[in-house]
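Got the viewer open? Let's take a short walk through this one, selecting as we go.

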Amino acid sequence: RRFGEPVRIVKGPSRVKISLNILKSAMNTQVDRQGVVANNLANISTTGFKRDVSFIEFLTGDPASKLVVRTDFAPGRLKQTDNPLDLALVGRGFFAVETDDGEAYTRNGRFTVGEDGVLRTVSGFPVLGLNGPVTLPLEGMRGGGLTVTARGEVLVGGEPAAMLRIVDFESYAGLKKVGADLFKATAGSFPEPAVEPAVRQGNLEESNVDPIGEMVGLIELQRRFESSLRVVRALDGALGRAVNDIGRLS
């Protein structure tokens with residue numbers, strides 16, 4: 001400006017303000033992504049847990065970003081336990097269970113049998129068969145043992161007692177994670193009987209979390225956050241100097 005002219009303040013968002021908003025959005029997204037990785041690491045030992053994968057989606061014409069989280073349904077390794085109540089599924093499919101909020105699905109086959117003979121998850125939810133909750137004769141279990149076939153038929157003392165309800169979905173995109181090891185079907189997603197289910201008795205499916213890969217990802221996210229923080233501090237310093245310069249010139 002020419003000497004003696006008043007300082008003109010241009011209304012509307014400045015480029016610096018827009019840059020700060022973009023950085024703020026990016027940093028918030030990075031914090032949320034760190035939370036996703038931290039949750040994966042916290043569930044390394046959770047049977048049947050499926051890791052979450054996060055990525056950033058940029059909307060057309062919008063400088064802000066959106067965090068998208070998807071579940072990785074890749075199978076985990078099988079761990080042999082020799083416990084007849086431990087069941088694992090090889091390939092696709094889920095065990096159906098009954099919760100307070102309706103039917104849910106799990107890959108966690110660490111089951112127990114209570115005094116009422118009902119087969120339950122470790123969280124206490126009844127495991128479903130073709131005719132409702134699976135109820136087993138306790139006397140028969142003590143005398144003849146428990147056998148579960150590859151297709152999910154439960155035999156007690158060599159006699160058929162129940163058939164596990166093992167379901168599958170055309171697409172897992174419609175499954176919503178509820179807690180660490182349960183999934184609910186959202187609108188438009190319908191369970192169907194699994195085609196040729198493969199149950200492994202005396203085994204459990206471990207979490208599919210790769211601890212080394214998750215730690216590397218966490219370090220990368222922390223570095224990106226620190227880089228964004230340095231840029232914010234630089235912009236903040238530039239704004240401070242600009243304000244001081246305007247004060248001297250006005």
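Start with the whole chain: of its 250 residues, 35% count as buried (under 20% relative accessible area, with exposed over 50% and partly exposed in between; 1.4 Å probe, protein chains only). What you're looking at is a predicted model, where local features need pLDDT of at least 70, side-chain atom pairs count only at pLDDT 80 or more, and totals for chains, interfaces and linings use all residues. Residues are numbered from 1 along each chain as its sequence is written, and side-chain values use heavy atoms, with hydrogens and water left out.

Switch to cartoon and you'll find 3 helices and 19 strands; these are DSSP runs (helices H or I, at least four residues; strands E, at least two), numbered from the N terminus. Show the surface too: about 15100 Å² is exposed, 54% of it supplied by carbon and sulfur atoms (Shrake-Rupley method, 1.4 Å probe; for residues, only the protein chains shown count as cover).

Now select residues 94-99, which is strand 5. Why is this strand largely enclosed by the rest of the structure? Because 5 of its 6 residues are buried.

Next, add residues 102-106, strand 6: it pairs with strand 5 in the antiparallel sense over 5 bridges (pairing takes at least two DSSP bridges between two strands). The two strands make a hairpin with 2 residues between them. Zoom in and you can match Val97 with its bridge partner Ala104, and see Ala96 opposite Tyr105.

What joins strand 5 besides the hairpin partner? Pick residues 166-168, strand 14, which runs antiparallel to strand 5 and is joined to it by 2 bridges. Here Phe95 has Ile166 as its bridge partner.

Zoom out to the open sheet of 6 strands, antiparallel in pairing and ordered 15-16-6-5-14-17. Its edges are strand 15 (175-178) and strand 17 (192-193), each pairing on one side only.

Back to Phe95, this time with side chains on. Among the residues it touches (heavy atoms within 4.5 Å), leaving aside those up to four places away in sequence, are Leu87, Leu89, Phe111, Leu164 and Ile166.

Finally, colour the largest nonpolar core, 21 residues in which Leu87, Phe95, Leu119, Val154, Leu164 and Ile166 touch the most other members. A core here is a set of buried Ala, Val, Leu, Ile, Met, Phe, Trp, Tyr and Cys residues joined through side-chain atoms within 4.5 Å. Strand 4 (87-89), strand 5, strand 11 (146-148) and strand 12 (153-156) each give two or more residues to this core. For a last stop, a second, separate core of 10 residues includes Tyr105, Leu128, Phe169 and Phe183.
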